[in-house]
Each structure stands twice: as structure tokens, then as C-alpha cells.
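Q: Please take a close look at one part of this structure, a sheet, and describe how its strands are arranged and what packs on it. Please then place that part in its wider surroundings.

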Amino acid sequence: MSKATLFDKVWDLHAVRALSSGQTQLLIGLHLIHEVTSPQAFSMLRERNLTVAFPERTVATVDHIVPTEDQSRPYADDMAEEMMTAIEANCRQFGIRLFQPGSGKQGVVHIVAPEQGLTQPGMTVACGDSHTATHGAFGAIAFGIGTSQVRDVLATQTLSMGRMKVRKVQVDGKLTPGVAAKDVILHVLRQLTAKGGVGFAYEFAGTTIAAMTMEERMTVCNMAIEGGARCGYINPDDTTFAYLKGREHAPKGAAWDKAVAWWRSIASGADAVYDDVKTFRAEDIQPYVTWGISPDHGIGISEAIPAKESFAKDEWATVEEAYQYMGVKPGQRLEGFPVDVVFIGSCTNGRMSDLRAAAAVVRSHGGKVAATVKAIVVPGSEAVKVEAEKEGLDKVFSAAGFEWREAGCSMCLAMNPDKLKGRQVSISTSNRNFKGRQGSPEGRTILSSPAMAAIAALEGKVADVRKFLK
Amino acid sequence: MPSQIKLLAGRAVPVRGNDIDTDRIIPARFLRCVTFDGLGEHAFEDDRRGLKAQGKTHPFDEARFAGAAVLVVNSNFGCGSSREHAPQAIAKWGIKAIVGVSFSEIFYGNCVAMGLPILRVTVADSEAIQALVEADPRVEVAVDVEALQVRVGAKLFAAQMADGIRKQFVTGAWDATGELIDGLPQVKAKAATVPYLRAFA
């Protein structure tokens with residue numbers, strides 16, 4: 001059993017008591033909600049005549065169904081309007097803060113909470129969304145929950161939870177040019193598989209991770225869930241504190257110094273004991289693309305699609321299904337594979353550094369989006385949009401033929417009007433290449449970094465961004 | 001007070017494949033709703049349609065599996081999105097227990113919170129149970145949460161479930177809300193000791 005890791009310290013601090021089942025009643029420091037997984041939870045509260053125990057510890061935003069083109073109300077989609085109206089009424093009734101479109105604070109839930117300084121080291125964070133793991137980048141224990149559990153957090157600020165094991169995922173060395181945080185996590189997922197992390201919290205560590213910015217760390221932790229790990233985290237350090245300092249909800253004055261001292265104390269110590277350790281070398285990582293229907297179906301751009309025999313035997317049926325669905329063959333390379341749609345955005349890669357990386361490729365290439373390609377850039381939050389426009393990134397994208405949108409989840413899960421059609425191929429900076437994920441039951445998704453998505457838009461096909469770097 | 005869940009028996013339906021994600025169980029377009037009503041008919045909708053287009057039939061559309069109460073799956077079932085809409089759709093289709101090799105933790109937690117028992121068996125046993133059910137769809141499958149066994153006709157298979165979770169089902173404490181509320185005084189006392197909840201004072 002793990003000892004003296006950040007996970008152990010944060011868990012123990014928030015463990016209220018043992019329940020009759022043997023599960024732990026765990027205090028949740030920050031609860032985030034959005035319009036898709038919360039309406040039924042509020043209905044359950046009303047049915048049981050319950051109220052919200054700590055309304056100041058829940059923060060709401062809207063992201064999943066929000067249109068990223070015309071945001072005037074009422075929304076063109078009646079159901080989207082009804083969901084929007086429901087969260088407005090629920091937040092009003094129970095006294096919960098809501099970051100509305102137009103407030104300057106709205107955006108993808110996992111982007112706005114860090115941006116506002118709400119997410120801090122040592123917290124427990126829960127949200128009715130699997131990508132809550134993102135907040136672990138700050139040294140928080142953050143996990144996704146379902147709607148019945150959203151009800152429990154609203155009613156009690158706690159959850160009934162079982163303790164996880166801790167696996168250290170250590171990446172050491174210097175990334176080579178053209179390789180991004182997204183490539184690191186796709187590489188890790190491929191080796192540890194989509195189910196390898198079930199039962200574990202992933203602690204990402206090593207010199208590669210330590211050298212990453214907070215935005216890069218968020219990209220890595222975001223996809224811990226794609227490896228089966230319900231949460232992923234990184235020990236807080238000076239990079240973390242520098243990011244937080246001065247943000248709206250970060251501690252100020254004397255409290256700041258006390259906070260930093262406490263944050264340092266909760267990091268995994270030299271005496272930390274892990275249930276498992278896996279190591280990786282940064283030099284082995286190339287720009288990645290996925291070829292299949294699970295996020296662990298990734299390859300370096302210069303590699304060939306693997307034969308089914310390289311997988312465990314009970315995976316063969318899934319691998320064959322993936323070849324067939326994607327229209328690819330083992331031994332084939334993806335470089336040159338035509339794409340129809342390019343999506344840059346999401347809680348994985350919708351932050352400033354992601355947009356800058358994509359814009360840098362556009363500038364460096366000098367060309368325009370291929371005539372056969374529809375390319376959209378969706379900033380992760382209103383704040384990201386404002387900052388990007390201040391830097392002129394919107395003009396770089398628009399001049400090259402990319403559509404520049406309003407903040408939201410958009411084509412990551414295609415609950416709003418942004419959807420693939422038929423068997424279209426999308427290269428996407430989001431997190432899931434599941435069958436049908438981007439809105440068409442036959443639609444195909446290739447996951448990549450923002451730079452690899454941008455170069456594919458300009459070339460009209462999957463390309464190796466390293467060949468275009470100046 | 002929620003009910004005790006000890007034993008569920010009925011016919012079963014096998015859905016083969018590893019890593020069946022929640023987008024496949026209930027595509028995102030069906031999340032455009034403010035209740036879970038009506039989700040049952042859309043369970044596995046795109047997989048069902050896709051197979052139909054190829055002249056094949058998804059188990060949820062096969063007459064021989066109609067009315068099944070036990071869903072038998074393979075590894076990493078329910079991975080991906082946290083949407084409770086996925087187990088809700090399965091339950092509303094008529095499933096009362098799930099047996100498989102492994103499950104995503106969020107999906108698993110959702111099933112427990114809903115009172116839908118979810119048991120683990122080995123890779124070989126999941127395939128054996130699926131084969132038995134396919135060979136004789138009328139065979140009775142009994143899922144014994146108390147004894148941690150799955151009985152298919154006369155054959156017995158050992159199953160696993162974390163002891164705390166098993167206890168939650170058999171004692172009726174799977175709906176934890178009541179007990180969590182009883183702990184509110186301790187929750188408030190605990191919150192007063194957490195540095196960031198006291199503004200680092």
C-alpha cells in the first residue's frame with residue numbers, strides 16, 4: 001500500500017469517517033458542475049427534500065451544449081435552451097455561483113476553474129465529468145463522478161469512496177522539437193493501455209514533467225482517465241505557485257505565504273512508497289497520432305500501425321474492429337492520410353499555449369487550410385478567447401481559413417451543432433477517438449497535439465509537423 | 001430506506017468486446033435532456049444501427065435475448081465519459097445486474113449509487129458465461145451478490161466484488177446519501193481543520 005505520497009496525505013486529510021460499508025466518507029473541497037450531468041441531481045434533491053450543504057463550495061459553468069457560433073438567447077436548439085434554463089434556475093434556487101456566457105468567466109469547466117485560481121494544491125475536487133482529472137495538475141486529488149454522486153456532494157459535500165492505489169508514472173529527459181505534452185500522454189497511454197490504470201491514481205513525475213508549464217501538465221493529467229486511472233496528479237512546485245499567484249481565488253497576503261508552505265508540505269516526500277512505478281524516456285516520444293478507436297491506439301507519426309499480434313489475445317477482436325472502423329490496415333503509416341475536419345480545442349488542448357502552438361505552425365507554414373478541409377478553433381474559455389485576440393491569434397487563424405469560435409466543448413463530444421458527417425475523418429486535439437464520438441455514428445477521429453492538427457489542416461492530410469518547423 | 005439487493009435471477013444477454021465506452025452505450029446526442037426518462041430504448045443505439053446496416057443484429061435487438069435481466073460483458077466496460085446516462089440506459093432497458101471482467105471506476109461507482117449490482121469474473125469465465133447464454137438463451141442466470149457467485153443453469157462461477165461494496169448491496173446501504181447526511185456534524189468539524197477551507201487562517 002502506498003505511503004507518504006501526495007495522494008495519501010490529501011486523502012487522509014479529507015477522510016471524514018469510515019461508513020458502515022467500509023467505504024470512506026470523503027470531504028470534497030471544490031465541487032464543479034455543468035449543464036449536462038447536474039439537472040437530474042437537482043431533481044433528486046427536490047424529490048428527497050434536501051438542500052445544498054455548502055453552496056459556496058460548488059461552482060457552475062456551462063460548456064457542453066453551448067453553441068460556439070450564435071450564442072444569442074434563446075438558443076436555436078430548444079433542448080439546449082431548456083438545459084441552460086435548468087442550470088440557471090437550479091443555481092439561483094440553491095445559491096450557487098454560475099459563470100454565464102458573456103461574464104468573461106465562462107468556458108470549459110476544467111479550463112475556467114484553474115484560470116480563476118479555484119483549483120489549488122491539496123484540494124479534493126469532484127465534478128460530474130470524467131476529465132476532472134485535469135485539476136490534478138495542481139497537486140489536487142480530482143476525479144469524475146456520476147449524477148447520483150453529484151447529488152451526494154450537493155447534499156453533503158462528501159462522497160462514499162474507496163481508496164485507490166498509487167502508480168508513479170515517471171518520464172525523464174528532454175522532449176525533442178515538435179513533441180508536445182499531448183504526445184507524452186498518448187505515448188504513456190499506449191504503453192499502459194486504456195484499462196491499465198483501473199484502481200490506480202497516477203502520479204506523473206520525472207524531469208520531463210517537472211519542466212512542463214501548468215498548461216502542459218493539465219494536458220497530461222486530463223487524459224489519465226483514458227488510461228483507466230480515475231485521477232492523475234503532479235506534485236506542486238514553484239511552477240504551480242507562480243501560475244496561481246494573483247489569480248482571483250488564490251490566497252492573498254499573509255495567507256499566500258501560509259498556503260505555499262502548506263502546499264509544499266503535501267507533495268510526495270522522499271519517503272513516499274508507491275504501489276507501482278513505470279518509467280519512460282522523453283527521447284523515445286515522437287509526435288503522436290491515433291489510428292484506432294481507443295486513446296491507447298496511438299503511434300509515433302513515423303511508425304506503422306501495429307499488427308494485432310502485438311496486443312494481448314483478448315484485445316484482438318477490438319483491434320480488428322478498430323482497423324475496420326477506421327479503414328486502415330496493419331503496417332500502414334498514417335502520414336498522408338486525408339482528413340476532412342480539424343478541431344482545435346477542448347479541455348485537453350483548448351488553452352493559450354495550445355492556440356499559440358497551432359498558430360505558430362500556421363505562420364511557419366505560410367499556407368491556407370486545404371480546400372477539402374473544414375477547420376475550427378474553439379478557445380477553451382472566454383478568457384482564453386480574449387487573450388488570444390489580444391495577441392492577434394484569431395487573425396492568424398482566420399486569414400488562413402480556420403473558423404474562430406466562441407468558448408465551449410464543441411466537437412470534442414458533439415453535443416452542440418458542431419458534428420462530423422458520415423464517415424468523415426477528423427484530426428482533433430480532444431481526448432477520445434471512440435466510435436461515433438464526434439457526432440456521426442460512422443465518423444472517424446484521429447487524436448493529436450495542436451501543432452499536428454494545424455499542420456494537417458494546412459496540408460489536407462496527416463503530416464509530420466517536424467518537417468515544417470523552421 | 002433503499003432495499004437490500006442479494007440475489008437477482010433471470011435470462012441474460014451477452015455483449016462481447018473490450019473497452020466498450022459510454023459513448024457507445026449512450027451516444028452524446030441523448031444527453032440533451034434534463035431527466036433520465038426514455039433512455040432505455042437508445043441503449044447501444046449506434047452500435048445497433050451500425051450492425052443492422054451490415055445485415056447483422058446487436059444482442060439488444062435479438063428476439064432470443066429480449067427481456068434479459070443480466071448483462072454479461074468483457075474487459076474495461078463503461079470506460080470514457082462519466083455520464084450516468086449510460087448505466088441508466090442499461091437499467092431502463094431492463095438490466096438488473098452486470099457481470100464482466102473489469103469496469104471503468106466511474107461507471108462502477110454509478111452502478112453502485114443506482115443500486116445496480118456489478119460483479120467481476122475472470123476473462124475465461126466471462127467468455128464461458130457468454131458462450132453458455134448464446135448456446136441457450138433461455139438458461140437462468142442467477143447473480144448471487146451475497147455469496148459472490150454467478151450460476152448459469154447448473155454451472156457455478158466465482159465472482160468478485162469489493163467487500164465494502166458487497167456489504168452496501170446486501171445491507172441496503174448502496175444508496176449512501178442517508179448515511180452521508182447523518183455524518184454532516186463530523187463533516188463540518190472536519191472542514192474546520194482543512195487549511196484551505198479556513199482561508200489558511
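A: The following account begins with the sheet and then turns to the contacts between chains and between domains.

The model is a predicted one. In chain A, three strands form an open sheet in the order E1-E2-E8, and their pairing is antiparallel. Strand E1, residues 15-18, and strand E8, residues 158-161, occupy the edges of the sheet in chain A. Each of these two has a single partner strand, and therefore one side of each is left without a neighbour in the sheet. As a general point, the strands of a sheet pair through backbone hydrogen bonds, in either a parallel or an antiparallel manner. On average, neighbouring strands of this sheet are turned by 25° against each other, direction ignored.

The pairing of E2 with E8 may be examined in detail. Strand E2 of chain A covers residues 24-27, and four bridges join it to E8(A), the two running antiparallel. Within this pairing, A:Leu26 stands opposite A:Leu159 in E8(A).

What packs on the sheet comes from chain B: helix H8 of that chain, residues 184-191, touches E1, E2 and E8 of chain A. The direction of this helix makes about 145° with that of E1(A).

The contact between the two chains takes 58 residues from chain B and 68 residues from chain A. On the side of chain B that touches chain A, H8 is one of the helices that each supply at least two residues; the others are H1 (22-25), H2 (45-53), H4 (105-114), H6 (163-171) and H7 (177-182) of chain B. H4(B) gives the most to this side, with six residues. By residue type, the side of chain B that touches chain A divides into 25 nonpolar, 18 polar and 15 charged residues.

The domains of chain A complete the picture. The domain assignment gives domain 1 (6-161), domain 2 (165-243 + 261-284) and domain 3 (288-468) in chain A. The C-alpha centres of domain 2 and domain 3 of chain A lie 23 Å apart. Their contact takes 18 residues from domain 2 of chain A and 21 residues from domain 3 of chain A. On the side of domain 2 that touches domain 3, the elements giving two or more residues are helix H6 (181-192) and helix H8 (214-222) of chain A. H6(A) provides the largest share of that side, six residues. The residues on this side of domain 2 of chain A divide into six nonpolar, six polar and six charged.

Technical notes:
Residues numbered from 1 in each chain as written. Chains lettered and ligands numbered in written order. Predicted model: local features only at pLDDT ≥ 70, side-chain atom pairs only at ≥ 80, totals over all residues. Pairing = 2+ DSSP bridges. Axes fitted to C-alpha atoms, helices over the stretch in contact; angles between N-to-C directions. Contact = placed C-beta atoms within 7 Å. Domains from an automatic or database assignment. Nonpolar A, V, L, I, M, F, W, Y, C, P; charged D, E, K, R; others polar.
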